[in-house]
Each structure stands twice: as C-alpha cells, then as structure tokens.
Amino acid sequence: MATQEVFKHDESRSSAALMSDQDIIARIFDHIDNKTTDVGQSSWKEPTKNYQSAERLDAELALLRTRWVVFCPSAALPKSGDYIARDTAGIPLVVVRGSDGKVRAFRNACRHRGVQIATGQGCTNVFVCPYHGWSYGNDGALRSVPHKEGFPDLNKENRGLVSVDCLEKNGLVFIKQGPSTNGVKDETDLPDLIPDGCRVIKSETFEIEANWKLHLESALEGYHIRSTHQTTFFPVQYDNLTVVESFDQNSRIAFPYQAIEGLRDKPKSAWSSNGRITFVYHLFPNIIISTFPDCMQVVILEPLGLELTRQHMFLLSDCAEEGKILHAILEGQEFAKAGAMEDREVVLGAQRGLKSGANEFLEFGLFESAIGRFHAALTGELANLAS
Ligand code: FES
Ligand SMILES: [Fe+2]
C-alpha cells in the first residue's frame, strides 16, 4: 500500500547521533512556545490482519529467534548462580551467571527426557531435574546421573545443557537463539543506557490479553496523553508534545514534564533531563527502556499468543538501599502504574476493536511516527526472513 512504500523517517541514524539533553530541552521549549510537536513524514496504515493472523505471529516469533534480543538487565543476575528461567519467543530458556562470573543461556530442557530443570528465578550452583534427578552445573555441564549404570553408553561430555548464544554488554544481557539472517547488523550496538552501579529494586511480570504490538504501540506516542491520562499524566506532562528520534531500527521518544519550565532561567550547561523528561527507548522489536526520576524500567514484551502478551519489568536504580530517594522512586512508580492501568484499558479496547471488523487497517498519524517506523521495520524484516 502506498503509505507503506513511501514511509520514511527523516531522522534515521546511528545511536551515536542521539541529541544531547541540552538540545532536546531546547527543542521542547520551542515546541511549548509554538504549540507544536515532532512530526514524521507520512502516516502508516497497518493491516488489522497483521494482528490477527497466526501465520504472522509465527513469523514474528521466528524473527525474534534470529536476533540478539535483551533477556534481562545484568543487574537482575548480580551474583554467581543467579538465574532466570522463562520462555523467550516461545522457547523455554534459562539464563544463569556461572561460578566464573560469565552469563550463559541454555535451552531449559533436561538431556534425559526433556523436563525443565529450572523455573522462575533463584540462585544455585546446581540445577537438579525434578523428574529423575540428573544434575547440571551452572556452566551447563552434566554433573551427575542417579543409577548411571542404567545408561551404559552415556557420554556426559556431550549431554550438557544445550547452549544458546548469550552476551553481556552495557548492563544488558542479550541472547540469540538461531543464526542471524540480517548480515552485518549488530543489534547489540546500542547507546550505553544503563548507568553503572544500578541494581534491581523491583521486578514484576504481568499478562495482558492483547496482541504484543497493540501493547507496544501505547508506549510510543504522546498523542493520547490528554484523553487517556486525564487525571494522571496530563496534569504534569503535555498533551501531544514529544521529540522523536530514531537510530537504526530503534526509536527514542522524549516526553517532557511541566517541571521542565524550571530550567528556563538556568544556564544551558545546567540543563538535565533527570526529573524533567521521560525518555522511552524502543529497542526493535519488543524491548522498551524508560527513564524516570532516579530510576529506569527495562520492559520485555513476550508474545504468548495472538491475544496474549507477557510483560517482564525490571526497575533499576543506583540509589541507596534505604532512604528518601528510594521512597520517592517507589511512590513515583505507583503513580506511573496508575497511568499504565489506563493504557491497559485502551489496549484491551483496541484488541476488542479488532474483533469488531470495523477497520481493515489501523492508522498511525504524523504524531505517531515511531509506531509507523516500527511497523515499517517489522514488515521489512519479515520479508527478509521469508526470502
Ligand atoms: S527428564 Fe530429567 S532426569 Fe529424567
Ligand atoms: Fe499512555
């Protein structure tokens, strides 16, 4: 369709070219003064069948399995033996920091008869399969087999857990399940988003009965601030005022708070985004990293079905373990959660709207360019995958 073919974002560039806090704030003042916002070059029409087709979802999951994707922040696995087990793009995995400090990823299936050797998260030097008790070190090696005389041909050396590519970079743990299909692109080449010294001060998982893309879309534009967040974000932010940048297939959307006005009288060199702007980084395809005062959220959207998404959220901060700042952060998160519940309602509404059959496409306007850009990239990547 024509709008898709001509869709281009005029700001595509590498992460090194993201604007400084000072330049972003100057642009925001310009928008406030002129009652404007950033706009893309064209709108995007996404066919509703792309949210409803099982074949399309399978292709999206297959794409997720060919890329380096964020599994969790490094701070979620601070000590040797710390592990997280969960499905990623439909595949059960366990990611663990070994006794040597290295983070490794494995398919979460015993090499005897396939039962999962880990669930949830915890800390261990040895994973013991609950079925017959085969045990594995946190480096994946098969350590012991009860009554091993029953397996006269077993070679322990080649029956360790099956590894998955894993690397730790800039405070994030990435995994890649299969061979890349996109040539030389390195999806882990990202700005350094996680400050040193961060720890996880809260983590939570919830499910939403909606397609993962509908859920993602709600985070990538400020056009809905007044309507959806009338008594939460709108009184302290701005309606439809964002700065949208793109780098590679990713985006960064700046949502200013009205407190930014306090910077007008300060020298530009003292302008800082902390406490004045929420940055939402969309790391293509399914990761959102958002900044809040003195903390940040790393969110991973796992598509579980056409109408079911699991969200994993890690809240990170480098603040002290007790004290006023931590208290203020947790209070701020309650406020953010109230806004997130409002998003949830409209996302569920959009999911029901698909069933109505009213729309052949969902239209993302000029203010929603980060979403159009996401769909353009996804369409392109799926075409590459199919060819
Ligand atoms: S399936 Fe794991 S020990 Fe048998
Ligand atoms: Fe929202």
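A donor here is an N, O or S atom within 2.8 Å of the metal (3.2 Å for Na, K and Ca), and because water is not among the atoms, sites may look incomplete. Before you start clicking: this is a predicted model, where local features need pLDDT of at least 70 and side-chain atom pairs count only at pLDDT 80 or more, while totals for chains, interfaces and linings use all residues. Residues are numbered from 1 along each chain as its sequence is written, chains are lettered from A and ligands numbered from 1 in the order in which they are written, and side-chain values use heavy atoms, with hydrogens and water left out.

**Stop 1: the iron ion**

Select ligand 2, the iron ion, and show His224, His229 and Asp343. Its protein donors are NE2 of His224, NE2 of His229 and two OD atoms of Asp343, lying 2.0 to 2.6 Å from the ion. Along the chain, they follow the spacing H-x4-H-x113-D. His224 is in the loop between helix 4 (212-217) and helix 5 (225-228), and Asp343 is in helix 6 (residues 324-356), 119 residues apart. Helices here are DSSP runs of H or I with at least four residues, strands are runs of E with at least two, and both are numbered from the N terminus.

Why is the arrangement around the iron ion irregular? The four donor atoms subtend angles of 55 to 148 degrees; tetrahedral would need all angles between 85 and 135 degrees, and square planar would need opposite donors over 155 degrees apart and all others between 65 and 115.

Both His224 and Asp343 are buried (under 20% relative accessible area; exposed is over 50%, partly exposed in between; 1.4 Å probe, protein chains only).

**Stop 2: aromatic pairs**

Rings of Phe, Tyr and Trp (its six-membered ring) pair if their centres lie within 6.5 Å; planes under 30 degrees apart are stacked, over 60 edge-to-face, the rest tilted. The count comes to eight aromatic pairs.

Pick Trp134 and Phe151: they are edge-to-face, 5.3 Å centre to centre with 90 degrees between the planes. Trp134 is buried at 1% relative accessibility, whereas Phe151 is partly exposed at 30%.

Next, select Phe284 and Phe374, a tilted pair at 6.0 Å and 55 degrees. Phe374 belongs to helix 7 (residues 369-386), and Phe284 to the loop between strand 15 (277-283) and strand 16 (287-292). Both are buried. Add Trp212 to see the cluster that ring pairs make with Phe284 and Phe374.

Notes:
Four donors count as tetrahedral if all angles lie between 85 and 135 degrees; four count as square planar and six as octahedral if opposite donors are over 155 degrees apart and all others between 65 and 115; anything else is irregular.
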